[in-house]
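Here's a short set of exercises to work through with a viewer open. Try each task before reading its solution.

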2 protein chains.
Amino acid sequence: MRRLLRRGIGFARFFSSHGGEAVLIDGKSVADDIKQVVAKDVALFKELVGRPPGLGVVFVGSRKASEIYVHNKTLACDETGISSSCTKLPEGASEEDVLASIRNYNEDPSVDGILVQLPIPKHLDEDRILSSISLEKDVDGCHPVNIGNLALKGNQPLFVPCTAKACLQLLLAKRVQLSGRYAVVIGCGNIAGLPISLLLQQHNATVTRVHALTKAPEDYTRKADIVISATGSPNLVRGNWLKQEAVVLDVGISHIQDPCSGELHLIGDVCIGEARKVASLISPVPGGVGPVTIAMLLQNTMLAAKLRHGFHQSKPESDAVK
Amino acid sequence: MRRLLRRGIGFARFFSSHGGEAVLIDGKSVADDIKQVVAKDVALFKELVGRPPGLGVVFVGSRKASEIYVHNKTLACDETGISSSCTKLPEGASEEDVLASIRNYNEDPSVDGILVQLPIPKHLDEDRILSSISLEKDVDGCHPVNIGNLALKGNQPLFVPCTAKACLQLLLAKRVQLSGRYAVVIGCGNIAGLPISLLLQQHNATVTRVHALTKAPEDYTRKADIVISATGSPNLVRGNWLKQEAVVLDVGISHIQDPCSGELHLIGDVCIGEARKVASLISPVPGGVGPVTIAMLLQNTMLAAKLRHGFHQSKPESDAVK
């Protein structure tokens with residue numbers, strides 16, 4: 001057993017062969033551990049600085065799913081003692097309105113981190129909006145400078161995007177070896193697919209990004225040690241898309257509305273019933289990557305507060321995550 | 001024939017099956033065409049602004065190969081009428097010295113583009129140095145903001161790094177289709193491998209980056225429609241690493257010194273004798289990607305000059321190259 005533990009990926013194999021089916025990763029439990037640490041840091045920060053770390057959220061429109069995300073994020077802030085405020089703008093808000101909201105948060109000394117809830121309505125220039133966030137408050141890590149530094153070997157972003165950081169956190173928590181292993185990332189969005197692939201590359205995985213125009217994506221995933229899907233296409237990844245003992249992270253979230261109750265149900269990209277028979281480890285939806293992503297937002301906000309007050313070295317992402 | 005032309009990659013196939021061996025891409029001829037266009041733009045710019053576009057080069061150390069590159073770049077500037085100056089610093093130069101040279105060029109109104117010849121000595125912080133170049137003068141495209149915008153879908157970098165742009169230029173010149181095709185980039189350096197893979201992804205290729213820690217890189221290259229090697233390992237890519245009819249770009253350059261004459265000879269990453277029997281199109285070393293990379297530096301410098309004087313729209317890389 002000790003030898004298996006040392007071998008990293010062997011750890012996952014051990015569990016899989018033990019139970020016959022893939023182990024489901026309990027993202028909530030990983031997130032709770034992180035939140036506990038953040039809460040302690042928050043309390044200490046408050047004692048030293050006289051105020052809690054602060055997160056400012058800009059939410060444009062009325063997308064139901066985004067509303068739930070924003071609610072969950074502010075709730076998680078409350079849990080850990082981080083103060084949060086949300087500027088809600090209507091669907092038709094002008095770019096100037098959005099930029100003004102960000103400017104307010106940029107200038108507000110009680111706000112350490114700023115999050116623009118994505119996606120934003122199509123008439124707005126996402127690049128211009130995200131680039132207007134002060135680099136030292138870009139806790140979602142989506143500023144081009146942070147993405148550039150995530151891509152460039154030897155550089156270190158101030159903040160790693162939360163979803164990518166969550167995936168890495170889960171892989172590290174489950175002792176999945178990355179260096180030299182083959183990872184396929186499905187989906188090439190800026191929020192998840194891109195930063196995930198860049199982060200895996202920083203950890204010396206061999207990475208292929210497959211997307212909507214890739215012919216036969218299953219030809220790639222079938223060879224992969226690690227498959228991370230972030231498309232939002234329910235049940236896209238079937239059991240026969242996976243190699244035996246693969247590690248699978250499901251980042252895709254689709255909201256299916258119950259026609260009777262109107263309630264939203266979450267389902268992922270991975271056909272979990274089939275995938276469990278093949279893979280060694282799977283993060284489910286809900287309860288997998290999602291809660292850890294929120295925990296990472298709290299961690300980044302805490303980090304931003306520390307950096308602004310000189311409580312942290314200047315290149316923060318060099319330790320656990322990058 | 002017309003149908004083959006329309007099919008893009010079929011164009012390459014046509015030549016290959018016609019001649020039996022892969023067609024060698026004549027990079028010099030592609031570069032000459034570009035330089036002619038740049039020279040015309042330079043003349044017009046000079047007439048309108050009263051001075052030629054200017055390139056400032058910072059060269060630290062005495063690496064023989066770098067000396068040749070810098071010489072070739074300034075020579076190409078002369079050819080097209082771009083003025084160039086080179087600040088040469090000794091191997092042991094302090095970071096402050098290098099930053100001061102860049103600051104001078106940043107502030108010099110006659111300098112439109114700045115190039116720091118890479119690699120720089122190891123005691124210098126490459127990130128800090130490259131980040132200090134004014135974004136609007138970063139004609140080598142290595143600033144984290146440019147890399148970030150190259151990575152982010154929907155964003156456009158002010159300048160695409162020259163080697164990546166040269167590869168794309170050659171592929172476009174030879175009508176090689178990228179969208180939906182499988183490309184393997186060997187080498188994950190910041191100057192070539194990284195921006196090449198990001199640029200191919202922007203053009204909807206499915207891309208794998210293989211590197212020193214990849215197990216059996218040939219398993220990936222053997223499936224690839226396009227193989228681009230940028231490692232500097234002579235003859236790394238053998239004939240049996242390639243799929244029939246693959247398109248191969250050789251970006252790696254190794255300098256082999258003749259023990260008698262002391263002269264430097266250039267050889268690439270690709271074992272060209274073997275590869276020609278399998279591939280459909282190959283860019284050789286020398287005479288392939290190299291001359292086009294220099295032409296791209298001139299093009300970027302011209303573009304920087306135009307942007308500074310408002311002769312070009314603000315998002316310049318949206319047309320031919322990205």
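**Exercise 1. A helix with two sides**

Which exposed residues does the face of helix 5 of chain B turned away from its buried side carry?

Solution. First, some ground rules: this is a predicted model, local features need pLDDT of at least 70, side-chain atom pairs count only at pLDDT 80 or more, and totals for chains, interfaces and linings use all residues. Residues are numbered from 1 along each chain as its sequence is written, chains are lettered from A and ligands numbered from 1 in the order in which they are written, and side-chain values use heavy atoms, with hydrogens and water left out.

Step 1. Helices (H or I, at least four residues) and strands (E, at least two) are DSSP runs numbered from the N terminus. Buried means under 20% relative accessible area, exposed over 50%, and partly exposed in between (1.4 Å probe, protein chains only).

Step 2. Pick out the buried set in helix 5 of chain B: B:Glu95, B:Val98, B:Leu99, B:Ser101, B:Ile102, B:Tyr105 and B:Asn106. They sit on the same side of the helix, because they cover an arc of only 155 degrees around the axis (the arc of the directions from the helix axis to the C-beta atoms). The general rule behind such patterns is that an α-helix has 3.6 residues a turn, so residues three or four places apart point the same way.

Step 3. Flip to the face turned away from that side, and you find the exposed residues B:Asn104 and B:Glu107.

Step 4. What do the buried residues pack against? Strand 2 (54-60), strand 3 (83-89), strand 4 (113-116) and helix 6 (126-131) of chain B. Contact here means heavy atoms within 4.5 Å.

**Exercise 2. Checking helix lengths**

Work out whether the end-to-end distances of helix 5 of chain B and helix 12 of chain A agree with their expected spans.

Solution. Step 1. The expected span is 1.5 Å times one less than the number of residues.

Step 2. Helix 5 of chain B (residues 95-107) has 13 residues and should span 18 Å; its end C-alpha atoms are 18 Å apart, which agrees.

Step 3. Helix 12 of chain A (residues 289-308) has 20 residues and should span 28 Å, and its end C-alpha atoms are indeed 28 Å apart. This helix is mostly covered, with 14 of its 20 residues buried. After helix 12 of chain A comes A:Gly310, with a positive phi near 70 degrees.

**Exercise 3. Finding the core**

Which residues touch the most other members of the largest nonpolar core?

Solution. Step 1. A nonpolar core is a set of buried Ala, Val, Leu, Ile, Met, Phe, Trp, Tyr and Cys residues joined through side-chain atoms within 4.5 Å.

Step 2. The largest one has 118 residues, and A:Ile196, A:Leu200, A:Ile228, B:Ile196, B:Leu200 and B:Ile228 touch the most other members. Apart from it lies another core, of 36 residues, including A:Tyr182 and B:Ile186.

Step 3. Zoom in on A:Leu200: neighbours within four places in sequence aside, its contacts are A:Leu171, A:Leu178, A:Ala183, A:Val185, A:Ala205, A:Val207 and A:Ile228.

**Exercise 4. Sizing the interface**

How many residues of chain B are in contact with chain A, and how much area do the chains bury?

Solution. Step 1. The contact count is 34 residues of chain B with 34 residues of chain A.

Step 2. Buried area is the accessible area (1.4 Å probe) that two parts lose on being put together, summed over both. For chain B and chain A that comes to about 2800 Å², 52% of it on carbon and sulfur atoms.

Step 3. B:Leu152, B:Thr206 and B:Arg209 supply 17% of the area that chain B buries against chain A, more than any other three residues.

**Exercise 5. Backbone oddities**

Where do the cis prolines B:Pro119 and B:Pro286 lie, and which loop holds A:Asn204?

Solution. Step 1. The peptide bond from B:Leu118 to B:Pro119 is cis, omega near -5 degrees; B:Pro119 is in the loop between strand 4 and helix 6 of chain B.

Step 2. The bond from B:Val285 to B:Pro286 is also cis, with omega near -5 degrees, in the loop between strand 11 (281-283) and helix 12 (289-308) of chain B.

Step 3. A:Asn204 isn't a glycine, yet has a positive phi of about 65 degrees. A:Asn204 lies in the loop between helix 9 (193-202) and strand 6 (206-210) of chain A, and is partly exposed at 23% relative accessibility.
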